[in-house]
There are 2 protein chains.
Amino acid sequence: MRERLSGIDRPTIVDVAKVADVSRQTVSRVLSDHPRVAPATRRRVEEAIENLGYRPNRMARALVTRTSLTFGFAAVDMRNSHFGDTCSGMQSAAREHGYYLVVTELDFDDDRGMGTLETLLTLGVDGVAFFPSFFADKEIELFAATSGCPVVMIGREAKIPNVVSIAMDEDRAADLVVGHLVDTGKRRIGILMNEMFPEVVHGRFVALQRAVTERTEVGNPPVEAGHPKIQQGRNATKKLLTKHPDVDAVIGFNDTMAMGALLACHDLGLRVPEDVAVVGYDGISFGAITNPPLTTIVQDSIGMADAAFKALLAAVQNGTPPDGEVVSWQPELLTRGST
Amino acid sequence: MRERLSGIDRPTIVDVAKVADVSRQTVSRVLSDHPRVAPATRRRVEEAIENLGYRPNRMARALVTRTSLTFGFAAVDMRNSHFGDTCSGMQSAAREHGYYLVVTELDFDDDRGMGTLETLLTLGVDGVAFFPSFFADKEIELFAATSGCPVVMIGREAKIPNVVSIAMDEDRAADLVVGHLVDTGKRRIGILMNEMFPEVVHGRFVALQRAVTERTEVGNPPVEAGHPKIQQGRNATKKLLTKHPDVDAVIGFNDTMAMGALLACHDLGLRVPEDVAVVGYDGISFGAITNPPLTTIVQDSIGMADAAFKALLAAVQNGTPPDGEVVSWQPELLTRGST
DNA sequence: TGACACGATGTGAACGTTCACACTAAGGTG
DNA sequence: CACCTTAGTGTGAACGTTCACATCGTGTCA
């Protein structure tokens, strides 16, 4: 046997076969629970497997079966627990169905994340989900066409051939948020946008702008942008409130930006929600422990993760790639102290 | 070509070779930037690759080279951003060095997580890190011995053959926490323990118990246990404060439990930090936005992630498995409003 | 001009596994 | 008793790639 770099050699199916005094195929049959193996033989093989500490090589297996029972999931920012939630949800779904989930963080510097997806493919996954999408529809279409496996996009609605997209109904969410703010007497609503990913962000922005324009007399909302993080949300809010002192409500692109907004209000000596109301998007668990607790649009991450997995599974099982399907998810407004 | 389940067939190196009118080896040489390829040939091959949308099959490659340039990372709870931080840190480190990181969530129900590790191995990773460890030293030793690749454990110090363990200096952390509480006039310190993973938890518990006993007259601290989550921390704190009304400081096993403690104090009408001080462990970013902001022991997740990656890399490059090395990480106390 | 180096390319084997098929022995059926 | 079935097992080929080696020109030097 050739040496591995690490110096230790793992036993192969042939090693097991030798020890159990059978052929590799018989070992393979034991591994896959084939019925036609004599009980005594099976026992001998199992013993050999146990003694040698044999583990089947999934890569070799995938090579010949052309199926790895593995899906890939690429998410943008593991530090934001919203993505962690979704990732965790997909893991559970995958496990339940005998699949394995390989998670990877989208590396924006590697061709805006496309490099990460490419590498995921080379790993031999049976399907790919990504969340969210930095890419233009055309790019995704091309990727899906050449990927050779089903592709699911989470976080943005888009009718793209061979791609299932799973996203929240942004119009409904915007109506919920803005409606609630107006109902509680707010009149001048500002928006904190995510400056990073125009493709992802656009839908939410348009929906919010529409809702604000429709429901307030003042019309077009003032906007400030920053990275979707706490500190950047804080800075953006300060700018927003300084430029527009009449703003009495701030909508954050996501919960972390909204958390930054809470801090900014505190910095500026403004009371929340009396002087300025704050709303976020996502519904991450840490929203419950802010001061005051954060009102937010809850995206059912587990549900969406589950849907993403099911879409991949269905595509694999039916042998047909998914087809421009859009799964729309209903948002819920979780009202807490910040409004 | 046989059909894949998904119905689309990916081009192979042979397809590329045919189109470029060369042999597979020449294509392989182009892929690996071998110097002895004629410029014209190289161009022809690159064109063919581009046109066909060819992507090398990492599994086939790994099979023959016995190296996948991939490390596996298994973490317990993606929803807790502490693990997300570490995971993100390892990803960056891996990418910097041309490695790919495959992340997976430890499934406690699958042989207490050992099943997850086993599956990770079958994926053909060149090394494995896990965080934290639910396993007994003997189990880990056995796993490392048969894994055939370097193993790194994050989150607990342990001298185990062929395993590098990376952990915070728990004694120092406990001294920092308890010292700080005593310095600010606290005398009766309660502890919120993690009831889930005795193996991980033990070290921190012992250290805290020692520090409290050493530094307060009252001696042995009252303890309440729960899962390391916000709600369970809240419940545990209520129990603790009800049973022991004299407690004037609560140390949470991690930040999420401590966040629960903040909520519990609020529920009980106790002022933080005047009536009860609260400290957490981990230093997750959301600790900045609690009310009041959470004092916490900061574990340098990025640094530890980096160290974990470097340990794996070194082991792979030196061809020798790591050897019971313990990398001790210095904790820092981040003092904020909750103490 | 022969010997030789070297650049450029191709070929067989191997990695660890499963698939398709072949084979043997035992048992049942007419 | 010849025939067929079936349980149990083994063998060659293939998956997509790289490694080690072989081959074939072309140019250089004595």
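This is a short walk through some helix contacts, loops and individual residues in a predicted model with chains A and B.

Let me begin where the two chains come together, at helix 4 of each chain, which covers residues 58-65 in chain A and residues 58-65 in chain B. The axes of these two helices come within 9 Å and cross at roughly 130°, and the pair is therefore described as oblique. If you look along the crossing, helix 4 of chain A passes helix 4 of chain B in a left-handed sense. On the chain A side the residues that meet the partner helix are Met59(A), Ala60(A), Ala62(A) and Leu63(A), and on the chain B side they are Met59(B), Ala60(B), Ala62(B) and Leu63(B). When the residues of this contact are sorted by character, eight are nonpolar, with no polar and no charged ones.

Now let us turn to a helix pair inside chain B, namely helix 5, residues 81-96, and helix 12, residues 301-318. Their axes come within 8 Å and cross at roughly 45°, and so these two helices are also oblique to each other, although here the crossing is right-handed. From helix 5 of chain B the contact takes in His82(B), Asp85(B), Thr86(B), Gly89(B), Met90(B), Ala93(B) and Ala94(B), and these meet a set in helix 12 of chain B that includes Ser301(B), Ile302(B), Phe309(B) and Leu312(B). The residues of this contact divide into eight nonpolar, four polar and two charged.

Staying with chain B, how many of the nine residues of helix 6 are buried? Eight of the nine are, so helix 6, residues 114-122, is largely enclosed by the rest of the structure. The buried residues are Met114(B), Gly115(B), Thr116(B), Leu117(B), Thr119(B), Leu120(B), Leu121(B) and Thr122(B). After this helix comes Gly124(B), which has a positive phi near 85°.

Next I would like to look at the beginning of the chains, starting with helix 1 of chain A, residues 13-20, where the buried residues are Asp15(A), Val16(A), Ala17(A) and Ala20(A). These buried residues pack against helix 2, 24-31, and helix 3, 39-52, of chain A. Just after helix 1 of chain A we find Asp21(A), with a positive phi of about 60°. In chain B, Asp21(B) is a residue other than glycine with a positive phi, near 60°, and it sits in the loop between helix 1 and helix 2 of that chain. Is Asp21(B) buried or exposed? Its relative accessibility is 65%, and it therefore counts as exposed.

It is worth setting beside this another aspartate of chain B, Asp282(B), whose phi is positive and near 125°. Asp282(B) belongs to strand 9, residues 277-282, of chain B, and with a relative accessibility of 5% it counts as buried. Another buried residue is Arg42(B), in helix 3 of chain B, and the reason for calling Arg42(B) buried is that its relative accessible area is 18%, under the cut-off of 20%. Setting aside residues up to four places away in sequence, Arg42(B) touches Val30(B), Asp33(B), His34(B), Pro35(B) and Val37(B).

Let me now come to two peptide bonds that are cis. In chain B, the bond joining Phe131(B) and Pro132(B) is cis, with omega about -10°, and Pro132(B) lies in the loop between strand 3, 127-131, and helix 7, 137-147. In chain A, the bond from Asn291(A) to Pro292(A) is cis, with omega near -10°, and Pro292(A) is placed in the loop between strand 9, 277-282, and strand 10, 295-298.

That loop of chain A also holds Ala288(A), which counts as partly exposed because its relative accessibility is 27%. Apart from neighbours within four places in sequence, Ala288(A) is in contact with Pro293(A) and Arg336(A) and also with Leu263(B). Ala288(A) and Ala40(A) are 248 residues apart along the chain, and their C-alpha atoms are separated by 59 Å.

Finally, for the overall layout of chain A, the domain assignment gives domain 1 as 13-56, domain 2 as 68-168 + 301-329, and domain 3 as 170-298. The C-alpha centres of domain 1 and domain 2 of chain A lie 36 Å apart.

Methods:
Residues are numbered from 1 along each chain as its sequence is written. Chains are lettered from A and ligands numbered from 1 in the order in which they are written. This is a predicted model: local features need pLDDT of at least 70, side-chain atom pairs count only at pLDDT 80 or more; totals for chains, interfaces and linings use all residues. Side-chain values use heavy atoms; hydrogens and water are left out. Axes are lines fitted to C-alpha atoms, for helices over the stretch in contact, and angles run from 0 to 180 degrees between N-to-C directions. Helices (H or I, at least four residues) and strands (E, at least two) are DSSP runs, numbered from the N terminus. Angles under 35 degrees count as roughly parallel, over 145 as roughly antiparallel, 65 to 115 as roughly perpendicular and the rest as oblique. A crossing is left-handed if the near helix is turned anticlockwise from the far one by less than a right angle, and right-handed if clockwise. Contact means heavy atoms within 4.5 Å. Ala, Val, Leu, Ile, Met, Phe, Trp, Tyr, Cys and Pro count as nonpolar, Asp, Glu, Lys and Arg as charged, and the others, Gly among them, as polar. Domain bounds come from an automatic or database domain assignment. Buried means under 20% relative accessible area, exposed over 50%, partly exposed in between (1.4 Å probe, protein chains only).
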